[in-house]
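Thanks for coming. I have one structure to go through today, and I will keep to one helix and a few side-chain pairs. Here it is.

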Amino acid sequence: MSTTEKDLQDTVVAGEQVSEQTATSAETAETEEEMQTRRLKIEESVQRYFQNKEISRERSEENKLLFEELEVLFQQSGEEEIVIVLPNGEHAVLTPKISEREVLDRDLLADEMQVPKDELKTPFDFCMFTAQGKLTPDMITKHTTVEREIKMKITKRKATSRRRRGRQSADPVEE
């Protein structure tokens, strides 16, 4: 190989190396650009996420206030059920929800038993006094009252009439 051919070959090899370096730096530039774009997308998504959480919290608070207002208005209406047609065709149904619970008045029971109220805290305390004969089922019944609380329940119901649930067939099933 002559000197000229060798110089030409070296020039070609050097040109290829420069092209590879240019391509590598272009890939690096694209990679950095992609990373920047990805970072911006992440930042935007995080901001939207927290904005949505804040909006959700505000709406939740507003719904609590609306529910309390509806509860008062429903109780004042005195109706058993109120059905309101919603814009999407479904029905909103307001009904009373009655909850009952038995409450033991420990103060009066302790007074009747002539013991400090602090000694009537746990089921063990009641068992101990019952075993000693100081506490009877009649005393518990006497100091137990039923508290009724009426609240409003609001649900959505589809506009179509309800279908029968669990229709039974005419043929009985043999076991």
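How exposed is Glu147, in terms of relative accessible area? Keep in mind that this is a predicted model. Glu147 has a relative accessible area of 38% and is therefore partly exposed; the limits for that class are 20% and 50%.

Now its partner. The side chain of Glu147 forms a salt bridge with that of Arg101, at 3.2 Å from N to O. Arg101 belongs to strand β2 and Glu147 to strand β3, so this bridge ties together parts of the chain 46 residues apart in sequence. Arg101 has a relative accessibility of 54%, and because the cut-off for exposed is over 50%, Arg101 counts as exposed.

There is another bridge between these two strands. Glu100 and Arg148 meet through their side chains at 3.3 Å, again N to O. Here Glu100 sits in β2 and Arg148 in β3, which covers residues 144–157, and the two are 48 residues apart. Both of these residues are exposed.

The next pair is Lys117 with Asp107, a salt bridge at 3.3 Å, N to O. Asp107 is in helix α2 and Lys117 in the loop between α2 and α3, so the parts tied together are 10 residues apart in sequence. On accessibility, Lys117 has a relative accessible area of 49%, so Lys117 is classed as partly exposed. Asp107, at 38%, counts as partly exposed too. How many salt bridges does the count give? Seven, and the pairs I have described are among them.

Let me move on to helix α3, residues 123–132. Which of its residues are buried? They are Asp125, Phe126 and Phe129. These residues cover an arc of only 100° around the axis, and that is why they fall on the same side of α3.

What do the buried residues of α3 pack against? They pack against β2, residues 91–104, and α2, residues 106–113. β2 is also the strand that holds Glu100 and Arg101, and α2 is the helix that holds Asp107.

The face of α3 turned away from the buried side carries exposed residues: Pro123, Phe124, Cys127 and Ala131. So a phenylalanine appears in both lists, because Phe124 is exposed on that face while Phe126 and Phe129 are on the buried side.

Last, the end of the helix. Just after α3 comes Gly133, with a positive phi of about 90°.

That is what I have. Questions, please.

Note on methods. Residues numbered from 1 in each chain as written. Predicted model: local features only at pLDDT ≥ 70, side-chain atom pairs only at ≥ 80, totals over all residues. Heavy atoms only, no water. Buried < 20%, exposed > 50% of the residue type's maximum accessible area, 1.4 Å probe, protein only. Helix = DSSP H or I, 4+ residues; strand = E, 2+ residues; numbered from the N terminus. Arc of directions from axis to C-beta. Contact = heavy atoms within 4.5 Å. Salt bridge = Lys/Arg side-chain N within 4 Å of Asp/Glu carboxyl O.
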